[in-house]
Amino acid sequence: AITDEQAELAWPYTHAGDGLAVPDAVRKSHPALSALAAWARSMLAYHEVARDGRAKIHALRRAEARLHASSLKHARAARELEEAVAAVAGLQRDFEAAIQVKGSIQAQAEATQKRLDAA
């Protein structure tokens, strides 16, 4: 692996002008030099990609942690909503029962009033 310091030191040789351009005369006498230059450029390119990838992976992990926290908060809110809906349904049933009781009491009161009026 290449360190950031090594990549920084190699930068001028790989990105200046042609970047590790090997003259034809040298390439003919030492063919491995072209391959070595290509390998060096490839290693530095990999280092740059890996460095950027690490930052993106860290950002992804932070985003996943925020998503997890938000999911927990959402689940808690959904449970509270279900409890509130159940409470409202119970209150609605109690209200409807009270209305029925009121109706029967009112009917009894009217019947009693009619008997009093008739008597």
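Helices are DSSP runs of H or I with at least four residues, numbered from the N terminus, and histidine 47 is found in one of them, helix 3. The structure described here is a predicted model, and its secondary structure comes to three helices and zero strands, so that the order of elements along the sequence can be written as α-α-α.

The predictor's confidence can be considered for the whole protein and then for its elements. The mean pLDDT of the protein is 87, with 89% of the residues reaching 70 or more. Among the elements, the lowest mean pLDDT, 69, belongs to helix 2, which covers residues 24-29, whereas helix 3 has the highest, at 93.

With regard to the surface, 7% of the 119 residues of the protein count as buried. The accessible surface comes to about 10000 Å², and carbon and sulfur atoms account for 62% of this area. A nonpolar patch on the surface is formed by Leu33, Leu36 and Trp39, which together have about 320 Å² of accessible area. One member of this patch, leucine 36, lies in helix 3, the element that spans residues 31-118. Leucine 36 is classed as partly exposed because its relative accessible area is 49%, a value that falls between the limits of 20% for buried and 50% for exposed residues.

Histidine 47, also found in helix 3, has a relative accessibility of 6% and therefore counts as buried, since the cut-off for this class is under 20%. When neighbours within four places in sequence are left aside, histidine 47 is in contact with Ile2, Thr3, Asp4 and Ala7. With one of these residues, aspartate 4, the side chain of histidine 47 makes a polar contact of 2.8 Å.

A further comparison of positions concerns helix 1, which comprises residues 4-15 and includes glutamine 6. Because its relative accessibility is 43%, glutamine 6 counts as partly exposed. Although glutamine 6 and leucine 44 are 38 residues apart along the chain, a distance of 9.2 Å separates their C-alpha atoms.

Notes. Residues numbered from 1 in each chain as written. Predicted model: local features only at pLDDT ≥ 70, side-chain atom pairs only at ≥ 80, totals over all residues. Heavy atoms only, no water. Helix = DSSP H or I, 4+ residues; strand = E, 2+ residues; numbered from the N terminus. Buried < 20%, exposed > 50% of the residue type's maximum accessible area, 1.4 Å probe, protein only. Areas by Shrake-Rupley, 256 points an atom, 1.4 Å probe, with all protein chains shown as cover. Patch = residues over 30% accessible without salt bridge, like charges linked within 9 Å, V, L, I, M, F, W, Y side chains within 5 Å. Salt bridge = Lys/Arg side-chain N within 4 Å of Asp/Glu carboxyl O. pLDDT = per-residue confidence, 0-100. Polar contact = N/O pair within 3.5 Å; in protein donor to acceptor, adjacent residues only side chain to side chain. Contact = heavy atoms within 4.5 Å.
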